[in-house]
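Biologist: Got a minute to go through this one with me? I'd like to hear the reasoning behind the labels.

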Amino acid sequence: MSAPITKRGISVQEQKAPSLLLTIFGATGDLAKRKLFPSLYRLYKKNLLNKRFAIVGVARTEMSDDEFRNRVKKSVQTFGEIDNDIDAFTSHFYYVPHDVTNKESYIKLKQRMDDIDRQHQLEGNRIFYLAMAPEFFGTISLHLKESGLTETNGFKRLIIEKPFGHDLSSAQKLNKEIRESFHEEEIFRIDHYLGKEMVQNIEVIRFANNLFEPLWNNRYISNIQITSSESLGVEDRGRYYETSGALKDMVQNHILQMVSLLAMEPPVRLSPDDIRAEKIKVLKALRPIDKEKVHEHFVRGQYGSGTINGEIVPGYREEPNVHPQSNTETFVAGRIFIDNFRWAGVPFYIRTGKRMPLKTTKIVVQFKDNPFQLYYKDHPQPNLLVLHIQPEEGITLHFNAKKAGQSVATTQVKLNFSNQKIDGINTPEAYEKLLFDCMLGDSTNFTHWEEVALSWKFVDPISEVWQNEQSSFPNYAAFTNGPESSNELLALDGHFWWSVNDLEIENC
C-alpha cells in the first residue's frame, strides 16, 4: 500500500521535523499552556518530531527545569491526553528565567541554549516563538540579533502571533524592526484560521473538482457570505479588546484571509510563493472603501445585556476593563467587492461578532437562480455550497429535487460531508499543523508581510471613520444576530443572511 500523500506531494512518512531547538518566549502564559504544549506532545506521539529536539521555555518567573516539566505535563493532561511516554517527552524541556528588556538576560540565555544545542546535537537549527504581547516583538528580535542568538550554522525562524500592529503605520514600523534581525522568509506570522482543516480545504474543493471551478465566477455565483460568530462575550480580554474591536481582531486577518482563498486564481503550482502570489492579487483587487462611503458598505454593533437559560449576562460596557461609554465595536458586517475579471459585481458579505446565538464559522456560496424557472410555482431554493469551518467541519451542497409522489413539486436536498464523522478524532489541531509547517520551513499557511500590509490598507479608512464618531451603543441584545442595520445592508442588494441555524451540518 502506497504512503498517504499530503497536498504538497510528500508522503506523511517522509515528513519529519529536522533537529531543532524551539524557544518559547512567554512559556508560562495561557497560549503555551492551552495550545503549544499539547500540540507539541501530539506531534511527538505521531513520531513527527525528530528524536533530536529540545524546547526552552522563557519567562520572568523563577523556576527550575523540573518545575517547568511538571507544568508542561499538567498542561498536556488538562488540554490533551497523555500516555506512559509523557516523562520522556518532557525530558526535552528546559527553562530559563528571563527579562525580555534586559540585555544581560539574553547573554545568559545564549549560554544555556548553546549548551542544550551541543547536548542534543541540534545542528544550530533554531525557532523562536514569541507567545507574548506584540509590543515586545521588536525588542526581542533586536536583542536576539545583538546577543548573537541568531548567529547559527543551522536555520533560524521567528513565529509571531497577531495582532501585527494596530494600523498600517504601526505594522510597517514593527516589520522594519523585525526585519533588522530576520529575513521575510524566516518570519512566520501565525493566523490560526489558516491551520484549520476546512480553511485549508478551500483550495482543494475549488481546484480539485471540475464540478465547482468552472462555476466559480460572476456568471454563476450570486454572492458569498462569511459568518464567524461567538456566543461568548469578551470575558477577561476587555483591556485588549478596547484597543482592537471586531474589525481589527477578526476582519483584518482571519476574514480577509478566507476571502483571499475563496477568490484567488489557480496557482501555477502548490508552492508557498505561487499560492501567496494569487492571494496577494485578490487583496490588491479589493475595492477601496472611501471614508465618505463607509456607512454604505460596513456597519458596526456593540452587544448589550441579554438572557440565556434564565441567566442575565452583562452588556459589553459592563464587562471588566471596559470603559462605561466605550465606542468599541463587538460586531462588524460588511460588503466587499473584488474588482477583477472573475468577481466583478459579486458581493462578498462578511459578519463577525460576540454574544451571538452560536459559536460558528461558515462560508455560504450562493449560486444564481436559473434564468427561466420551470418550477416557478414551487419557488425552488437557490443552490448553496456551505463550508463548515468550526466547530463542526464539513461541506453541505443544497440542491433541488422532485418530491416523492405523483406531483412534480420540488424539495430541497442536502448532500453532507462531515469531517467530524469520518476522521475528526484524528484531525490535527490548528496549532499542531502550523508548528509542524514552521519546523519544515513551509510558509504556505502563514501570512506574508505584503498580505498584512494590504489588509491594513483596506481596513484603516473604516477604522478611522468609526474612531472619530460616537455610535448609539449598545445596538443589539446578547444572543441575537447583530443590529438590524446588518440585515438592511444585504437588503439593498436584494439578498439576506442565510441563518446559520438552518445550515447546520447533518450526520452522514
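Modeller: Sure. Start with pLDDT, the predictor's confidence in each residue, from 0 to 100. You need it here, as this is a predicted model.

Biologist: Which residues have a pLDDT that stays under 50?

Modeller: Residues 1–7 do, and the model has 14 contacts for them beyond four places in sequence. Residues 9–13 are also below 50, with 11 contacts beyond near neighbours in sequence. For the chain, the average is 91, and 93% of the residues score at least 70.

Biologist: On to the sheet. What is the order of the 8 strands in the open sheet?

Modeller: The order reads S8-S11-S12-S7-S13-S14-S15-S16, with mixed pairing.

Biologist: Why do S8 and S16 stand at the edges?

Modeller: Strand S8 (298–301) and strand S16 (410–418) each have a single partner strand, so one side of each has no neighbour in the sheet. On average, neighbouring strands here are turned by 15° against each other, ignoring direction.

Biologist: How do you know that S7 and S13 pair?

Modeller: Pairing takes at least two bridges between the strands. Strand S7 (residues 221–229) and strand S13 (residues 360–367) have 8 bridges, in the antiparallel sense, so they pair. As an example, isoleucine 221 has phenylalanine 367 of S13 as its bridge partner.

Biologist: Which helix packs on the sheet, touching S8 and strand S11?

Modeller: That's H14 (residues 449–467), whose direction makes about 55° with that of S8. Helix H7 (residues 197–207) lies across S13, strand S14 (384–390) and strand S15 (394–402), and runs at about 150° to S14.

Biologist: What describes the packing of H9 and H14?

Modeller: Two packed helices are described by the angle between their axes and the distance between the axes. For helix H9 (residues 245–263) and H14, that's about 145° and 10 Å. The crossing is right-handed.

Biologist: What kinds of residues make the contact of H9 with H14?

Modeller: There are 9 nonpolar, 5 polar and 2 charged residues. Among them are Leu247, Lys248 and Val251 of H9, and Trp456, Phe458 and Ser463 of H14.

Biologist: Why is serine 463 called buried?

Modeller: Buried means under 20% relative accessible area. Serine 463 has 9%, so the label applies. Serine 463 lies in helix H14, and touches Leu247 and Lys248, leaving aside residues up to four places away in sequence.

Terms used:
Residues numbered from 1 in each chain as written. Predicted model: local features only at pLDDT ≥ 70, side-chain atom pairs only at ≥ 80, totals over all residues. Heavy atoms only, no water. Helix = DSSP H or I, 4+ residues; strand = E, 2+ residues; numbered from the N terminus. Axes fitted to C-alpha atoms, helices over the stretch in contact; angles between N-to-C directions. Contact = heavy atoms within 4.5 Å. Left-handed = near helix turned anticlockwise from the far one by under 90°. Nonpolar A, V, L, I, M, F, W, Y, C, P; charged D, E, K, R; others polar. Buried < 20%, exposed > 50% of the residue type's maximum accessible area, 1.4 Å probe, protein only.
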